[in-house]
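Trainee: Hi, do you have a few minutes to walk through a structure with me? I'd like to go piece by piece.
Mentor: Sure, pull it up and ask away.

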There are 2 protein chains.
Amino acid sequence: MSTHYQGSDTAKRALDVYIKLDRAAGAVSSRINHHLTDYSLTVSQFGVLEALYHLGPLRQKDLAQKILKSTGNITLVIDNLVKRKLITRKRDKRDRRAIHIHLTEAGKALIDDIFPKHVARVESEMNILSPEEQDELQRLCRKLGLQQP
Amino acid sequence: MSTHYQGSDTAKRALDVYIKLDRAAGAVSSRINHHLTDYSLTVSQFGVLEALYHLGPLRQKDLAQKILKSTGNITLVIDNLVKRKLITRKRDKRDRRAIHIHLTEAGKALIDDIFPKHVARVESEMNILSPEEQDELQRLCRKLGLQQP
DNA sequence: TTAAACTAGTTCAAAGTTAAACTAATTTGA
DNA sequence: TCAAATTAGTTTAACTTTGAACTAGTTTAA
């Protein structure tokens, strides 16, 4: 929401840019991910399929890191994808604590279908900005995101 | 995650900037909002208190719009704040469908306490960027966020 | 005037989310 | 060597979130 706040100029600027960043990210994500409901996929589920598609089989732990979720959460997200037979769990022979997640043929086919549409949506959203503006936005975001929690 | 994708340059650029935007907004929000757990407030609850603090009494519908949540969700968020006596519901006399939400004294006192700390956190995150960079980020975010769904 | 359309808010089911406590397997270092 | 620490994943409780179906009040237009 807009800032109705009497503070220093630097405070006002910081609040305004924080809100705009949050809104922009939310608006863009929701427009890009809206079509996932057509496939009954959540954003987290799509994130898992996409990671496996591009990176090959991964451990649950690595998937959790990729999509920025807790390991407890990833267990459930994976359970739901396994139920739909889009992925499978395979225990690691060497390190029996770990489980590798693989795309099934059905999962591969689904993400094969969705991914190009996803890219088209991302492009159409981001092409609101010129290539130079996109590069600048990326630079600023990287700078902000890099700090330690 | 980084883009392992063989597509056009514009597609790659768009995917990269989209991911960076999402990550940066997530990282910054999580760092800024972390202290809300000290007050047992969720981000949505804080958003409601903040909106009422700066804008005065609002209808549930308007609160939902402000914090970008569904009306179903706002009902629960408000229920939980009412239970803690931080806000009250008052039926509109003229339009009996509508309910106005008011801050209680306790709610006012709480947000009075939290808000300056919140501002300090936002400032400290955003001052990673120079004032000029903040203005540019705000401009780019506004451009992206303004589009219609 | 009054039926249809719309609007505000509630309820419910399904899923996601986190944090914490837990099991089981592996690594480490005294 | 082997107990302690660490790591991978699961489970649970408490909660948030969404979307859809629903109730009830208001507006509109034939």
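**Chat notes**

Trainee: Let's start with chain B. How does H4(B) sit relative to S2 and S3 of chain B?
Mentor: Keep in mind that this is a predicted model. H4(B) lies across S2 and S3 of chain B, and the helix runs at about 115° to S2(B).

Trainee: What's the strand order in the sheet of chain B?
Mentor: The order is S1-S3-S2, in an open sheet of three strands with antiparallel pairing. Strand S1 (58-59) and strand S2 (87-91) of chain B are the edge strands, each pairing on one side only.

Trainee: And how many bridges join S2(B) to S3 of chain B?
Mentor: Five bridges, with S2(B) and strand S3 (residues 99-103) of chain B running antiparallel. If you want a residue to click on, B:Lys90 has B:His100 as its bridge partner in S3(B).

Trainee: What about S1(B) and S3(B), how many bridges there?
Mentor: Two bridges, again in the antiparallel sense. Have a look at B:Arg59, which stands opposite B:His100 in S3(B). So you meet B:His100 twice, as the partner of B:Lys90 and across from B:Arg59.

Trainee: Over to chain A, then. Which strands are at the edges of its sheet?
Mentor: Chain A has an open sheet of three strands in the order S1-S3-S2, with antiparallel pairing. Its edge strands are strand S1 (58-59) and strand S2 (87-91) of chain A. Between S2(A) and strand S3 (residues 99-103) of chain A there are five bridges, and these two strands run antiparallel. One facing pair to find is A:Arg91 opposite A:Ile99 in S3(A).

Trainee: Staying in chain A, at what angle do H2(A) and H4(A) cross?
Mentor: They cross at roughly 75°, and their axes come within 10 Å. That angle makes H2(A) roughly perpendicular to H4(A).

Trainee: Which residues make that contact?
Mentor: H2(A) brings A:Ser44, A:Gln45 and A:Val48, while H4(A) brings A:Val77, A:Ile78, A:Asn80 and A:Leu81. By class, the contact of H2(A) with H4(A) has four nonpolar, three polar and no charged residues.

Trainee: Okay, new topic: the DNA. Which residues are closest to DNA strand D?
Mentor: A:Lys61, A:Gly72, B:Ser44, B:Gly72 and B:Asn73 are the closest, out of 22 residues that surround the strand. The elements giving two or more residues to that surface are helix H3 (60-66) and helix H4 (71-83) of chain A, plus helix H2 (43-55) and helix H4 (71-83) of chain B. H4(B) has the largest share, with five residues.

Trainee: What's the class breakdown near DNA strand D?
Mentor: Five nonpolar, ten polar and seven charged residues.

Trainee: And DNA strand C, which residues are closest there?
Mentor: For DNA strand C the closest are A:Gly72, A:Asn73, B:Lys61, B:Gly72 and B:Thr75, and 22 residues surround the strand. At least two residues each come from H2 and H4 of chain A and from helix H3 (60-66) and H4 of chain B. Near DNA strand C, H4(A) gives the most, with five residues. By class, that surface has four nonpolar, eleven polar and seven charged residues.

Trainee: Last topic, the two protein chains. How many residues does the contact take from each of chain A and chain B?
Mentor: 50 residues from chain A and 50 residues from chain B. On the chain A side, the elements giving two or more residues are helix H1 (9-33), helix H2 (43-55), helix H5 (105-126) and helix H6 (131-146). H1(A) gives the most, with 20 residues. The chain A side divides into 26 nonpolar, twelve polar and twelve charged residues.

Trainee: Can we zoom in on one helix pair across the chains? At what angle do H6(A) and H1 of chain B pack?
Mentor: About 30°, with the axes of H6(A) and helix H1 (residues 9-33) of chain B 8 Å apart. Their crossing is left-handed.

Trainee: Which residues should I pick out in that contact of H6(A) and H1(B)?
Mentor: From H6(A), try A:Leu137, A:Cys141 and A:Leu144, among others. From H1(B), the contact residues include B:Val17, B:Leu21, B:Ala24 and B:Val28. In total, the contact of H6(A) with H1(B) has ten nonpolar, three polar and five charged residues.

Trainee: Great, thanks for the tour!
Mentor: Any time.

Terms used. Residues numbered from 1 in each chain as written. Chains lettered and ligands numbered in written order. Predicted model: local features only at pLDDT ≥ 70, side-chain atom pairs only at ≥ 80, totals over all residues. Near = placed C-beta within 6 Å. Helix = DSSP H or I, 4+ residues; strand = E, 2+ residues; numbered from the N terminus. Nonpolar A, V, L, I, M, F, W, Y, C, P; charged D, E, K, R; others polar. Pairing = 2+ DSSP bridges. Contact = placed C-beta atoms within 7 Å. Axes fitted to C-alpha atoms, helices over the stretch in contact; angles between N-to-C directions. Parallel < 35°, antiparallel > 145°, perpendicular 65-115°, else oblique. Left-handed = near helix turned anticlockwise from the far one by under 90°.
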